[in-house]
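This report introduces a protein model to a reader who has not met it before. Please have the sequence and the three-dimensional view at hand while reading.

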Amino acid sequence: MKKQTSMKQDWIATARTLSEALPYLQRYAGATVVIKLGGHAMGSDEGMASFARDITLMRQIGVNPVIVHGGGPMINDMLQRVGVVSEFVDGKRVTDTETVEVVEMVLTGKVGKRIVQAINKQGGRAVGLSGKDANMIVCDPSDPKLGLVGEPVEVDPSLIRQMFDAGLIPVVAPIGTGREGETYNINGDTAAGAIAAALNADRLLLLTDVSGVKGEDGEVMTELNRYDIETMTSNGTIAGGMIPKTETALAALHGGTRAVVIMDGRAPNACLLELFTDHGAGSIIRL
């Protein structure tokens, strides 16, 4: 009897959660949400399956998700396995022709297809592509000293919009094309921000391995604006790897994205918590 009572309470709680989610489901119907999935946030097979279920559910209820993925740990592993020795300038990897071939192989072949397969296994219809497809992302060199590292200068989202119309889920590797047909490696956050801006996305979710932007007291700040970020960067509260993420957030917002959330992608159902509950997840940034 106790077990049946407990199960009934669980069902009631689930029903209540679904009922309370209704305003959010209505709010995001037809919305575009760009999700940057970092290499460290991909986690285990179980974590990937959970993420794939969330993405499939989002598409099922009318949200248009776009996945932009990184894959730094996988790239480093493959470069080591094939014996490619990297040169570094100011702590940043120089991407030569040999390196960019490995980067493209890993991102479009191994990492992208793993995400596509996980989503399709959950009943979604995902398709892997890169910024080179249909000249989606055209780049200039971000810094000549770094070689084939690209900065997006033109983003054409028409292919992604066509995929939305076909009920597909785009999974985009951050590889772009140059004006002369070169292949460029793009920082994953930068690529996601550029795509979100081009789509005028309702949300850009930057999934990482930290819980959000922390204030001076070490606690995660649930809401920030441009002034907060500029102040916290100048006084050193925002430092290290969080600087490029907040820079990406501001660039995406200035480009037309409505809001950006920096959040822990390893947390169960993180995307659903952010979009469809009062609780939210991570730090939301608006202008």
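## Surroundings of T257 and the salt bridges

Leaving aside residues up to four places away in sequence, T257 touches A196, A197, A201, R203, L204 and A252. The model is a predicted one. T257 itself is found in the loop between helix 8 and strand 13. Its relative accessibility is 4%, and T257 therefore counts as buried, the limit for that class being under 20%. A polar atom of the T257 side chain lies 3.3 Å from the backbone oxygen of A196, a residue that is also among those touched by T257.

The loop that holds T257 also holds R258, which takes part in a salt bridge. Side chains of opposite charge can pair when their charged atoms come close. The number of salt bridges in the model comes to 11. Three of these pairs are set out below, each with the distance between nitrogen and oxygen.

| Salt bridge | N to O distance |
|---|---|
| D77 and R81 | 3.6 Å |
| R258 and D202 | 2.9 Å |
| R266 and D264 | 3.0 Å |

The pair of R258 and D202 links distant parts of the chain, with the two positions 56 residues apart in numbering. R258 belongs to the loop between helix 8 (242–255) and strand 13 (260–264), while D202 belongs to the loop between helix 6 (188–199) and strand 11 (203–208). The two partners fall into separate accessibility classes: R258 is exposed, with a relative accessible area of 52%, whereas D202 is buried at 8%.

The pair of D77 and R81 has another setting. Both residues lie in helix 3 (residues 72–82), and because they are 4 residues apart there, about one helical turn separates them. D77 is partly exposed, its relative accessible area being 35%, and R81 is exposed at 58%.

In the third pair, the side chain of R266 meets that of D264. How accessible is D264, buried or exposed? With a relative accessibility of 18%, D264 counts as buried, because the class covers values under 20%. Beyond these pairs, K36, D189 and K245 are joined into one network by salt bridges that share partners.

Taken together, the loop between helix 8 and strand 13 contains the buried T257 and the exposed R258. T257 is in contact with A196 and A197, among others, and R258 forms its salt bridge with D202.

How values were computed
Residues are numbered from 1 along each chain as its sequence is written. This is a predicted model: local features need pLDDT of at least 70, side-chain atom pairs count only at pLDDT 80 or more; totals for chains, interfaces and linings use all residues. Side-chain values use heavy atoms; hydrogens and water are left out. A salt bridge is a side-chain nitrogen of Lys or Arg within 4 Å of a carboxyl oxygen of Asp or Glu. Buried means under 20% relative accessible area, exposed over 50%, partly exposed in between (1.4 Å probe, protein chains only). A polar contact is a pair of N or O atoms within 3.5 Å; within protein, one must be able to donate a hydrogen and the other to accept it, and residues adjacent in sequence count only if both atoms are side-chain atoms. Contact means heavy atoms within 4.5 Å.
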